[in-house]
Amino acid sequence: MKIQHFGLLATLLFFTACGSDSGTTDQQAKNDAETVETEVADTLRYEQETHLKNIRQLTFGGDNAEAYFSFDNTKLVFQAANENWDAPCDQIFYMPLTGYEGQRPPMLSTGKGRTTCSYFMPGDSTILYASTHLGGEECPETPPVVSGKYVWPIYESYDIFVADLEGNIKQQLTDHPGYDAEATLSPDGSKIVFTSTRSGDLELWTVNVDGTELTQVTDELGYDGGAFFSPDGTKLIFRASRPKTEEAKATYKALLAEGVVQPTAMEIFICNVDGSDLQQITDLGGANWAPYFHPSGEKILFSTNHHVEGGRQFNIFAMNLDGTGLQQVTFDQTFDAFPMFSYDGKYLVFSSNRYNGGTRDTNVFLAEWQD
């Protein structure tokens with residue numbers, strides 16, 4: 001799930017503490033990927049960002065986020081809101097690793113409703129994503145600030161679909177009343193994890209890609225979401241809120257009944273795919289979210305605002321799975337988030353407000369990763 005208008009969110013947190021085919025062939029995509037390897041002037045990298053090299057900006061304007069690699073590491077699928085792309089609210093697009101500067105990339109969603117959290121399926125000829133379009137063609141209403149606090153919408157009309165790279169819906173994966181979204185795929189392409197309210201709370205569920213073995217993974221009160229599989233497919237990393245006091249629990253339940261959650265207090269959790277051995281691995285305070293495994297499977301990257309007073313800045317940090325070795329990776333003064341490694345571990349893609357001319361534009365950036 002993408003936060004809309006990241007600069008606005010940072011301010012709110014101060015007060016409160018996821019078309020048509022472009023005709024690109026597989027060979028062209030491979031050539032594009034090879035082109036990315038060319039050395040460039042590293043003007044988009046802050047001096048402290050020692051893990052990043054040859055940063056490239058792939059989108060230019062609008063809100064662009066949650067870019068995820070194809071299995072062959074030659075393409076990215078992402079969500080964007082951009083009036084110039086006929087996307088007044090989030091729709092799903094894809095692009096080669098060289099991006100589409102000055103052009104609208106192919107849209108893979110219907111252009112109706114709102115979408116979130118896309119991900120390539122095995123074979124890279126289809127994607128999955130969540131959409132509200134069956135609940136209405138217009139963008140659903142964005143919820144207002146509640147009691148001075150920023151909230152995320154939990155639209156009950158979200159369901160998960162599979163589409164081809166020409167935008168044709170091939171399959172509807174969920175058809176249950178309530179929120180079904182934030183789906184990602186295991187590295188071997190056999191299993192999907194997603195967030196659903198079908199049990200009455202926002203919990204993680206897994207299902208095989210053929211629709212069998214639907215399994216509830218988490219069952220504690222609070223928002224569990226944004227889950228990803230470990231490189232070996234045995235574990236899940238995710239963000240979660242865990243209201244502790246009776247007042248916090250009552251507030252969470254009341255907001256969820258209104259179809260919203262507050263993302264201002266979240267930590268990172270890890271568990272086995274079946275939900276066993278659940279552990280909280282951050283205890284930093286603030287909003288810790290968008291976790292993703294390092295290719296080694298021994299540490300994670302995630303976005304957090306714990307390190308700045310008032311929570312007005314998000315950056316990407318790295319940390320070992322046991323909670324040790326916390327290290328800041330990115331240093332933009334407004335927003336860095338949604339890190340994902342290419343399957344070969346060579347590249348990191350992320351979203352950032354860096355060098356946007358003082359606007360609220362959030363763009364997708366690609367960097368070579370250096371351990």
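These exercises treat salt bridges in a predicted model.

**Exercise 1.** Which parts of the structure does the salt bridge of Arg-198 and Asp-180 tie together, and is each residue buried or partly exposed?

Solution. Start with the contact: the side chains of Arg-198 and Asp-180 meet in a salt bridge, at 3.0 Å from N to O. Next, place the residues. Asp-180 belongs to strand β10 (residues 180-185), while Arg-198 sits in the loop between β11 (191-196) and β12 (203-208), so the pair ties together parts 18 residues apart in sequence. Last, check accessibility. Asp-180 has a relative accessible area of 0% and is buried; Arg-198, at 22%, is partly exposed.

**Exercise 2.** Where do Glu-246 and Lys-249 lie, and how many residues apart are they?

Solution. Both residues are in helix α3 (residues 246-257), three residues apart, which is about one turn of the helix. Their side chains meet in a salt bridge of 3.7 Å, N to O. A salt bridge requires the nitrogen to be within 4 Å of the carboxyl oxygen, so this pair qualifies. Glu-246 is exposed, at 61% relative accessibility, and Lys-249 is partly exposed, at 27%.

**Exercise 3.** Which residues are linked in a network of salt bridges with Asp-336?

Solution. Take one pair to begin: Asp-336 forms a salt bridge with Arg-354, with the closest N and O atoms 3.1 Å apart. Asp-336 lies in strand β23 (residues 336-341) and Arg-354 in the loop between β24 (347-352) and β25 (363-369). Asp-336 is buried at 0% relative accessibility, and Arg-354 is buried at 1%. Adding Glu-49 completes the answer: Glu-49, Asp-336 and Arg-354 are linked in a network.

How values were computed: Residues numbered from 1 in each chain as written. Predicted model: local features only at pLDDT ≥ 70, side-chain atom pairs only at ≥ 80, totals over all residues. Heavy atoms only, no water. Helix = DSSP H or I, 4+ residues; strand = E, 2+ residues; numbered from the N terminus. Buried < 20%, exposed > 50% of the residue type's maximum accessible area, 1.4 Å probe, protein only.
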